[in-house]
Amino acid sequence: MANVSSQDLGNEPIGKLLIRQAVPASIGILVMSLNILVDTIFVGNWIGSTAIAAINVVLPVSFFIAALGMAIGIGGSSIISRALGADNTVKALKTFGNQLTLTLLFTVSFAVFGLVFVDTLIPAFGGKGNIFEPAKVYYEIILYGVPILGFVMMGNTVIRAEGKPKFAMYAMLIPSVGNLVLDYVFISILDYGMAGAAWATTGSYIAAFLFIFWYFLSDNSELKINLSHFKLEKSIVSEIASLGFVTLARQAVVSVTFLLVNNALFRFGGETSITAYAIVGRMMMFVLFPVFGITQGFIPIAGFNYGAEKYERVKESIYTAIKYATILGTIVFIGLMFFPEIITRLFTTDADVIRVTPNNMRWAFAAVPILALQLIGAAYFQAVGKALPALLLTLTRQAIFFIPLMYVLPLYFGELGIWMAFPISDVLSTIVTGYFLNREIKKTLVDKR
């Protein structure tokens with residue numbers, strides 16, 4: 001593998017650089033999405049439907065810790081990218097050390113809390129009746145590995161901030177592939193049941209952690225820290241927190257949105273409408289993985305060049321990322337508009353679901369071609385360390401526009417109003433993001449040297 005330096009983020013042609021950053025990120029996102037689907041199929045067939053329910057009870061805990069690690073990672077990685085661009089290696093090292101300390105403190109604290117109150121938390125998450133015992137077995141083992149998961153999610157974003165997308169991709173592939181292999185060994189061969197499923201997941205986290213640990217000790221990483229860098233520094237912690245909060249807020253809004261939409265759809269269409277939404281939600285991650293990959297690849301490029309005050313390159317990276325993501329989003333849009341019924345049949349044979357889902361899918365993805373501008377625009381502000389606009393633009397799509405529309409439009413259009421809220425909120429949030437991004441480009445991204 002060629003020796004790649006973070007300085008390449010400030011020197012290579014933007015188009016080539018963006019592809020080199022985005023392709024590994026896209027592959028990693030795709031494999032993780034497939035892993036969730038295949039893992040569920042394995043567990044359901046080898047253990048039973050109760051096992052799926054038990055795992056779903058525990059998933060909010062894992063997702064929260066993963067989101068926490070990702071928040072610390074993305075917040076700190078924005079600082080690291082800009083510090084490396086400004087040739088401020090000391091700040092980059094201190095930031096990475098502070099990230100490690102914060103991740104250790106938070107994840108271990110939550111894991112201990114979760115283990116102490118296990119008998120209270122599992123029923124609170126829905127683990128009642130026959131689900132309680134298998135959920136408890138799974139939950140306790142997963143909690144042991146949760147701090148490891150936090151380090152994996154945090155470390156992955158730092159690797160990408162150094163301009164090493166292939167290593168970041170490997171760090172995502174290892175737990176995905178490892179989990180499937182260990183599922184087969186622990187559940188199918190050794191017949192460990194729920195404990196086997198839990199150890200397979202925890203073992204995959206450990207494998208990914210060992211890879212990331214090796215990476216930072218190897219010559220591939222530029223971040224060689226010592227004990228002094230682990231001491232928390234107020235200014236760095238504050239910046240990590242403000243930028244990381246954007247990620248946590250996004251995850252929280254996504255969770256709340258799913259809950260509200262499920263309840264609203266149940267009132268109008270019952271279980272059939274909820275199943276349709278579940279299919280649409282699954283497709284959202286699968287079909288948009290290249291767009292999300294470009295967004296992930298764009299962030300370190302924008303952050304590094306902003307730190308280096310290479311504002312022309314920052315502008316070029318914005319325009320190029322939007323162009324590439326728009327093209328991919330349009331291709332996705334065409335596929336979803338013409339083949340929604342074929343896609344739906346991949347998930348179910350239920351005639352009622354097949355009848356209602358295609359039209360709902362068309363509404364939900366109707367504004368996908370313009371979504372790139374909203375995603376790239378919000379990501380830009382987070383990349384350059386502007387937490388408030390990053391937070392507000394991140395929340396416009398779902399919290400500010402979608403949720404109110406989801407309640408207002410059904411008053412006039414019934415259930416269709418809920419589905420109409422998807423493209424309308426996408427269009428409105430894109431207009432707002434476009435306005436602020438254009439103003440930022442004109443006022444800030446001016447080469448002053």
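1. A residue counts as exposed when its relative accessible area is over 50%, and as buried when that area is under 20%. L227, at 75% relative accessibility, is therefore exposed. L227 lies in the loop that joins α7 to α8 (234–287). Its C-alpha is 8.1 Å from that of G97, although 130 residues separate the two in sequence. The model under review is a predicted one, and every value in this note is to be read with that in mind.

2. Overall make-up. The chain contains 16 helices and zero strands. For 449 residues, a compact globule would have a radius of gyration near 22 Å, and the chain agrees with this because its own value is 22 Å. Along the principal axes, the C-alpha atoms fill a box of roughly 65 × 50 × 40 Å.

3. Burial and surface. Of the 449 residues, 53% count as buried. The accessible surface of the chain is about 19,600 Å², and carbon and sulfur atoms account for 68% of that area.

4. Contacts along the chain. When contacts are restricted to residues at least 6 apart in sequence, 80% of them join residues at least 24 apart. Individual pairs are taken up in points 8 and 9.

5. Charges. The chain has 30 positive and 25 negative charges. The mean positions of the two sets lie 9 Å apart.

6. Helix α13. This helix covers residues 368–383, which makes 16 residues. The distance from its first C-alpha to its last is 23 Å, close to the 22 Å expected at 1.5 Å a residue. Helix α13 is mostly covered, with 14 of its 16 residues buried. G385 follows α13 and has a positive phi, near 85°.

7. Helix α9. The 19 residues of α9 (residues 289–307) should span 27 Å at 1.5 Å a residue, and the end C-alpha atoms are 28 Å apart, so the two values agree. Because 15 of the 19 residues are buried, α9 is largely enclosed by the rest of the structure. Just after α9 comes E309, with a positive phi of about 60°.

8. Helix α2 and its partners. Two residues of this helix are worth checking. R82 is in α2 and has a relative accessible area of 14%; that is under the 20% cut-off, so R82 counts as buried. Outside its sequence neighbours up to four places away, R82 touches E239, L243, G303, F304, Y306, G307, A383, V384 and G385. G385 is also the residue with positive phi that follows α13. V61 is in α2 as well, and at 14% relative accessibility V61 counts as buried. The C-alpha atoms of V61 and I142 are separated by 9.2 Å, with these positions 81 residues apart along the chain.

9. M194 in helix α7. M194 belongs to α7 and is buried, its relative accessible area being 9%. Leaving aside neighbours within four places in sequence, M194 is in contact with I47, A51, A54, I55, P134, V137 and Y138. A further pairing is with V43: the two residues are 151 apart in sequence, and their C-alpha atoms are 8.6 Å apart in space.

10. S425 in helix α16. S425 sits in α16 (residues 415–443). Its relative accessible area is 2%, so S425 counts as buried. Apart from residues up to four places away in sequence, S425 touches R397, F401, F402 and L405.

11. Aspartates with positive phi. D87 is not a glycine, yet its phi is positive at about 60°. D87 lies in the loop between α2 (49–85) and α3 (89–116), and with a relative accessible area of 62% D87 is exposed. D191 is likewise not a glycine and has a positive phi of about 55°. D191 is placed in the loop between α6 (165–189) and α7 (193–217). The relative accessible area of D191 is 62%; this is over the 50% cut-off, so D191 counts as exposed.

Terms used: Residues numbered from 1 in each chain as written. Predicted model: local features only at pLDDT ≥ 70, side-chain atom pairs only at ≥ 80, totals over all residues. Heavy atoms only, no water. Helix = DSSP H or I, 4+ residues; strand = E, 2+ residues; numbered from the N terminus. Expected span 1.5 Å × (residues − 1). Buried < 20%, exposed > 50% of the residue type's maximum accessible area, 1.4 Å probe, protein only. Rg over C-alpha atoms; globule rule 2.2 N^0.38 Å. Contact = heavy atoms within 4.5 Å. Areas by Shrake-Rupley, 256 points an atom, 1.4 Å probe, with all protein chains shown as cover. Lys, Arg positive; Asp, Glu negative; His and termini not counted. Charge placed at Lys NZ, Arg CZ, Asp CG, Glu CD.
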